[in-house]
Protein chains: 2
Amino acid sequence: MPNLTRAIEKYIHDLLESGEAASVSLRRKELAESFGCVPSQINYVLRSRFTPERGFLVESQRGGHGYIRILRIAFEDPEEKMNHIDDIVGDSISDQEAHRLLQILQERDLITARERLIIEVALRHSDEMGQSDFDLSQHKRNTIQAELLKRMLRSLMLA
Amino acid sequence: MPNLTRAIEKYIHDLLESGEAASVSLRRKELAESFGCVPSQINYVLRSRFTPERGFLVESQRGGHGYIRILRIAFEDPEEKMNHIDDIVGDSISDQEAHRLLQILQERDLITARERLIIEVALRHSDEMGQSDFDLSQHKRNTIQAELLKRMLRSLMLA
DNA sequence: ATTATTGATTATCCTTGACCTTCATTATAG
DNA sequence: CTATAATGAAGGTCAAGGATAATCAATAAT
């Protein structure tokens, strides 16, 4: 049985695509049984494949009537220009460059003003921590900032 | 008998929506009887669903002519909302608590799914840095996480 | 070395029921 | 008449038990 994880991943993915809904609900136990695996295998698939970084949110309830719900947030068809987020941001980015990039993205309606605000706050917090709490160099901080920025933007733009 | 708690939750919610009033009054015993359950089930629903976190307050009176009243909290100005956020997040918050809070905020339409996604990514990045790069304790990471979360949410409440 | 699989253990949610507390009304004592 | 005690009518607490899901460490596969 090669690649159980991918099979389960594909199954969930297909569920999300077939139904028009932006989310699917599952019974962990049932799904595990239908794939002939242990229930915790489902958690592995979710943790490794359906992450916020990839544009998914996962909600769940334990106990009686428990469930797992997977939501797809990101666009199916990302803007062509955003395919190059990695190139644009690069491995290191300054506050000012990040600031300017976010402004451009908002002007192009790829992100909203509120989304931009959250991102700016997160970047600022990261920089502040790096400086005050961990005494990191400018370059190191800019590297971390680039990583954080890419993750946030990718989650919105890429599938 | 699928999900008694959710049925009762929905019933109360509908009551609040149908009437224009910002509150509803109930008789615990009667409500329990109409759902064919034990009275303390009502307390469970109130405790787990109609919390301040979710924007509700519950008042009650025992003895003869007793009652339970559920109020929906309305925020006058952004500052009130901010204080509310600060109280709920506190000085330290776990991944799971943060996750849950964001889900609730989205359900209350205080944030969008995309905004929630960005915030989840930022929190995960913060936690990951704290753990892998700086070897911080769980508590320290939760403290940083609370600070970051509050800042992001505050920025939105004012927007 | 990284990713995937498993299973034992732990945590959480829902439901129920026995027992506790509080309040209003009524009965009784002075 | 008043003050207090008894009664009945709410609602509150808590702990147990069953139903799920999450976590984590060990092991296997790639």
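## Aromatic pairs

Across all chains of this predicted model, there are five aromatic pairs. One of them brings together A:F50 and A:F56 in an edge-to-face arrangement, with 4.8 Å from centre to centre and 70° between the planes. Are these two residues buried or exposed? Both A:F50 and A:F56 are buried.

Another pair, A:F134 with B:F134, is stacked: the ring centres are 4.1 Å apart and the planes meet at 10°. This pair crosses between chains. On one side, A:F134 sits in the loop between helix 6 (113-133) and helix 7 (138-157) of chain A. On the other side, B:F134 sits in the loop between helix 6 (113-133) and helix 7 (138-158) of chain B. A:F134 counts as partly exposed because its relative accessibility is 23%, and B:F134 counts as partly exposed because its relative accessibility is 23%. To be called buried, a residue would need to be under 20%.

## A strand with two faces

Now let's look at strand 1 of chain B, which covers residues 23-26. In a regular strand, side chains alternate between the two faces of the sheet. You can follow this pattern here: B:V24 and B:L26 point to one face and are buried, while B:S23 and B:S25 point to the other face and are not buried.

Which strand does strand 1 of chain B join through four bridges? The partner is strand 3 (residues 67-72) of chain B, and the two run antiparallel. If you look for B:S23, you will find B:L71 of strand 3 standing opposite.

## Around DNA strand C

Next comes the DNA. How many residues surround DNA strand C? There are 28, and the closest are A:T5, A:Y44, B:T5, B:S40 and B:Y44. By type, the residues of this surface divide into eight nonpolar, 15 polar and five charged. Of the strand C atoms within 4 Å of the protein, 61% belong to sugar or phosphate, and the rest belong to bases.

Some contacts can be picked out one by one. In B:S40, a polar side-chain atom lies 2.6 Å from a base oxygen of DNA strand C. B:R49 has a side-chain N or O atom 3.0 Å from a phosphate oxygen of the strand, and a polar side-chain atom of B:R100 lies 3.2 Å from a phosphate oxygen of DNA strand C. The elements giving two or more residues to this surface are helix 1 (4-18) and helix 3 (40-49) of chain A, along with helix 1 (4-18) and helix 3 (40-49) of chain B.

Methods. Residues numbered from 1 in each chain as written. Chains lettered and ligands numbered in written order. Predicted model: local features only at pLDDT ≥ 70, side-chain atom pairs only at ≥ 80, totals over all residues. Heavy atoms only, no water. Near = heavy atom within 4 Å. Polar contact = N/O pair within 3.5 Å; in protein donor to acceptor, adjacent residues only side chain to side chain. Nonpolar A, V, L, I, M, F, W, Y, C, P; charged D, E, K, R; others polar. Buried < 20%, exposed > 50% of the residue type's maximum accessible area, 1.4 Å probe, protein only. Pairing = 2+ DSSP bridges. Phe/Tyr/Trp six-rings, centres within 6.5 Å; stacked < 30°, edge-to-face > 60°.
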